[in-house]
Every structure is written in C-alpha cells, then in structure tokens.
Amino acid sequence: MSDVTATSVMTGNEAAAAAARLARVQVIAAYPITPQSPVVEQLSAWVESGELDAEFVAVESEHSALTVCIGASTVGARTFTATSANGLAYMTEQVWWAAGARLPIVMCIANRAMAAPWNVLNDQQDSMSVRDAGWIQLYCRDNQEILDTTLQAWRIAERLQLPVMVCYDGFLLSHTVMPVTVPAAVEVDAFLPPRAAPLTVVDPDDPRNIGPVVLADTRADAEGILRPGYMEIRASHHAGLLEALDVIPEVDAEYGAAIGRSWGGLTWEHMLDDAELVLVAAGSLATQLTVAAETLRSEGIKAGVLGVRAYRPFPVAALRAKLAGRKGALVFDKALSYGYEGPICTDLRAAMCGEPDAPLVWGAMCGLGGREVSPDQLADAARRALADGHAGVRDRPTDWINLHPEL
Amino acid sequence: MTGGRAAIIVRMREQNTYAIRWHGRGGQGAVTSAKVLADAAFRSGFAGVMSQPSFGAERRGAPVTASTRLAREPIRDLSQVTEPDIVIVLDESLVALGGPTAGLRPGGLVIVNSPGSASDLGIEDATVVTSDVTGAAEAADLIVGGQPMVSTAILGAVAAATGLVTMEAVEQAIEHAFTGSAARKNIEAARIAFECTAKGA
C-alpha cells in the first residue's frame, strides 16, 4: 500500500487483491481455481512478507474456504475469499449459509464457465447460478471498477449485514492488464473504517447460541421473548436486499466523494439519451457494447448501452426509468437458464411487463465457455434485431451469437 | 525490410490506436512480453493500454498468441486482436506456419526474432524488421533452464522498430516486473536488442 495515489498497469486479479489489502482484510481463506488463483496467491504473498496483517487460512476445498470466512466473520473479522465456476458450485451450501447468517463477507468471482464439458474460460454461468442465494451481486466492466467495487463491497456489506459477490469476467479482465489507479491508503481508511462490532459477536461474558434451528412458526426464546420464525427471518433478509437498492448508490457516491470515482450505482449508461435501441449487459460485455453502439451510431442507428452493475438486488425501478419510451432492448447474456433463456433477459422482461411505454425486450446469447465476442458481432446482432423489429416481429427466440449450429 | 526505421516510426505515430499481436511458443513468455509492453506504453504516454493472453490450452512449445492494444483513450474492445497493425514473432519458425501474417493490415509491421535478413522470411505486403533477440539474450547471459529468454529482450527491438515506446519506459517496466539480478539481465538484453535492431534499420 502506498501513502499516495498511483496509477499502474495491472490485471483484474491484481486489482482485486489490491482492494482487499487496502480494505485491511483480517482473514482470507481460499482454495485455488483458475482464473481466480492469482488473487489469493498475491494476498498470501503479502501476508507472508508482512505487508498485509491478516490470517491466511489455506484450506482443502472451496466449501471449507467459505466456512472459514463464515466463522471468522461471525466473530467480527473483515473477511475475504475468491473463487470461480466449479469452486463456487462446490461451496454452494455455505454460500446460502453466509447470506442467511447475514455475514458481511466479500467474495470476488472471476467468472468462468461451468463444467461439463471442462472449460476454464469466461462466461457468467457460475455467479448467475447462485443469484437466488441472498448475496448482493455486483458486476464490473473493467479492472478499475474491480478495485473500486471491491472496496465499496465491504462498506455495503457491513452496513446491511449482507455478503457481497464482486463478479468480473475471467481472463477478459482477470488476466488482462490495463491502467488502474490505486488510491492512497489514508483515503481508503477514511472511506472504509474498521468493521464495527457485529451483532453476532461471540463474547464469553454474553454467551449466545448461534445458528439454532428455526422452524416454521415464531417461538419464544430462553428468556420468554417471542422470536421470528424462518419466514420472518427470510422476509427480513429480503428487505435487506431491497434496502441495498438505496445503499449501493449511496456507497458509490460516498466513494466518489472520498476517492474521486463513481460507477453509476445500480446501472450505468453510454449514449443512452436519445437511444431507440438499448443494448443491455453486465460486466465487460457491456464495455464492448459501447464500441458496438458507436459503430451503430455512425450508421445513423440510435443505439445506446445500459450496463447492469447490480444484478441482485435487481434494479427494477432504475431499469424501468431508463428504458421507458425506447423502441427495443436487446439483452446480451453470458449465462443460460437451460430450457428457458438468459437470466438478465428474463428478469428485464419481467420488470418491463405491463409498463405502458415498455420497449420490446429480446435476448441474445454469447460468449459461453469463452467463445470470442467482438464489437462487430455485437453490432451485427443489433442490426438483426432492428431488421426483425422493422419486419414486425414481436416474439423472437434468443439470438445465439457466433454459434456454429451445423456442428 | 522495405523503407527505413524512420519511415516506420512516422507512419506508426500517425495512428491513434495500435493493435498488436504476439506470436511465440509456450514457455517463451509472450504473455509476459505483452504485459510489459503495455506497461512501457503507459509510461510512454498512452492513456489506453491493454494486453491479454490468448485463452487456449497451455503447453510448452505449442504456438501461442497474445494481444496488445495501445491508444490515446481507454481501451474498450476486449476481444483478441485479429487484424493487427503490428505483429511480433518470438520464434522465427512460426512465420512459415502462416499464423503471424493472418489478418495483418496492409502495410503492417512484422518484427521477427531472427539473426537473418527480413527478405529471407518471405513475408509480403508488410514492413519486416528482424532482430537477433535470442543473440541479445545470450549476450546478456539471460539463460533459464538452458534456454535464452527472449520475452523482455524483444521489447528493445519493438522500441527500436516502432518508436512507440521509449527504451527508458521499457527499462522501467522491466524493473517493475522483475527484481534484482533478473531485472538487470533483462534490461541488458533489451538494450542489446535495441541497439542491434537500430543498426539493422
């Protein structure tokens, strides 16, 4: 860490590790998996050299990695882990536990395709598959946003007592270098003070039973006080996620005031003002869409980009406001709910359903298992959608980009 | 080569963005080359730099590529470079396989690690610059596991042939990526390659 703000060229994984160090994370537990491994390799090196005063717990599996974070977070530590794909799948039981226990753990996901077939490359199927587990999910468009969002994540997590996944595209960001400005430690310390004593702290003088069975109905505790049942706890958890719709933009603005960069809160946009066709995506794909939109603009097509930064909670009101009155929205997903369609597409359709001035919402599938996606291909997909729209098509199947269906 | 070094530099500087594709063999360090070049370009004044590996299987000796983009504004295209302005080849034997010239823009620049002359490589419709980078690595005693390491040395050739990055920036970027004697040897090798490329032009 530096006393001064400095810009250098680094990978997305290095940006994530730099953020964890700046956050003065206290416990890190992780199991290596491509493309995440360099994050925790860097952190373990800093712990070994004494540059980071943290416990690094090497574990035998991702399930144990998150379990260690759950234990450490329960007793008040600021905790961090990172994983990808099958590692995330392997820890899934504890992903639910961390959220249900309301622990402010931050986990970076270097997004990678799920096996089988075996593949180490990028798509967003891994994190999308646990979207319902009760974590906040934020998607990053470039390496600077990875650093800034990871720092914001602890502030959001600790305000709401909710875990946060910071998702960024494997290899496309995790292993790609670009300039990243690392803020001075003193500025980050002012933005992100040490974690306040948690509600769940274990204190021998005030013993608690943590994680008791909670059945269907409310019931009285040992002192005779009526306590919530499972459904009340889940409703409270849901309310926390919905509160994040306010907290995420607030923290982004606080970060902007403290550090000098903000990222749009829940969503971000590019040339959206008078756009008739809106291209929608999360992560680095949306960055590439900005290039495609500029190409389309040069052809006289009024295209713009709406980036989804917060996927859970899903920013329904923000998306409705941004899309009202547009002719069409084309959603590019890098994940698929097999037998249906892309998850962002489904969610956006539902959000717009019944709105009086809703655009047509169509889906496109791309980049699965690291399949290359170029701005030209994205622009072509937009042109196909426009042509179908002009031809009067209303109901349209998902457009698979750069697919060779004959194989 | 066709045209002198000065002519290449002038043409390169007329562009706002540069798409660069690296060709090497697994183990040669093309990904390291690409990363360090991005750093050197940032230090040379490019606000937008991006380098990424290609995302295939990792096998020692197999042909590998990496992509670098340099621009005056942040890079937003994260796809692999398929139509390069500049191609950099760490292993001369890859030229005959055809990969390095695939998609090369007309009048593009090809920099090849070779002790031979550019005209012997049979590359058409491009400016070709050769540099004995392997010899530079050997002269600097930059040998790892019996193999001369060309990944940083070739940056001296790139600085000389393109003028897009300064040798000072290359040396700073190498110092950032390596420490101690490794940094010293890598810098020396890059300097030797810079000198021999300049003379060749």
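Reader: Of the 407 residues of chain A, what percentage count as buried?

Author: The structure is a predicted model. A residue is buried here if 20 or more other C-beta atoms lie within 10 Å of its own. Of the 407 residues of chain A, the share that meets this criterion is 52%.

Reader: Why is chain A described as compact as a globular protein of that length?

Author: The secondary structure of chain A comprises 13 helices and 17 strands. For 407 residues the globule rule gives 22 Å, and chain A is as compact as a globular protein of that length because its radius of gyration is close to this figure, at 21 Å.

Reader: Which domains does the assignment give for chain A?

Author: Domain 1 of chain A is made of two segments, 6-197 and 249-258. The remaining entry in the assignment covers 269-400 and is domain 2. The names are therefore domain 1 (6-197 + 249-258) and domain 2 (269-400).

Reader: How many residues does each domain of chain A give to the contact?

Author: The centres of the two domains of chain A, taken over C-alpha atoms, are separated by 28 Å. In the contact, domain 1 of chain A takes part with 23 residues, and domain 2 of chain A with 19 residues.

Reader: Which element gives the most to the side of domain 1 of chain A that touches domain 2 of chain A?

Author: Elements that give two or more residues to this side are α6 (125-128), β6 (136-139) and β7 (164-169) of chain A. With 4 residues, the element that gives the most is β6(A).

Methods: Residues numbered from 1 in each chain as written. Chains lettered and ligands numbered in written order. Predicted model: local features only at pLDDT ≥ 70, side-chain atom pairs only at ≥ 80, totals over all residues. Rg over C-alpha atoms; globule rule 2.2 N^0.38 Å. Buried ≥ 20, exposed ≤ 12 C-beta atoms within 10 Å, placed from the backbone. Contact = placed C-beta atoms within 7 Å.
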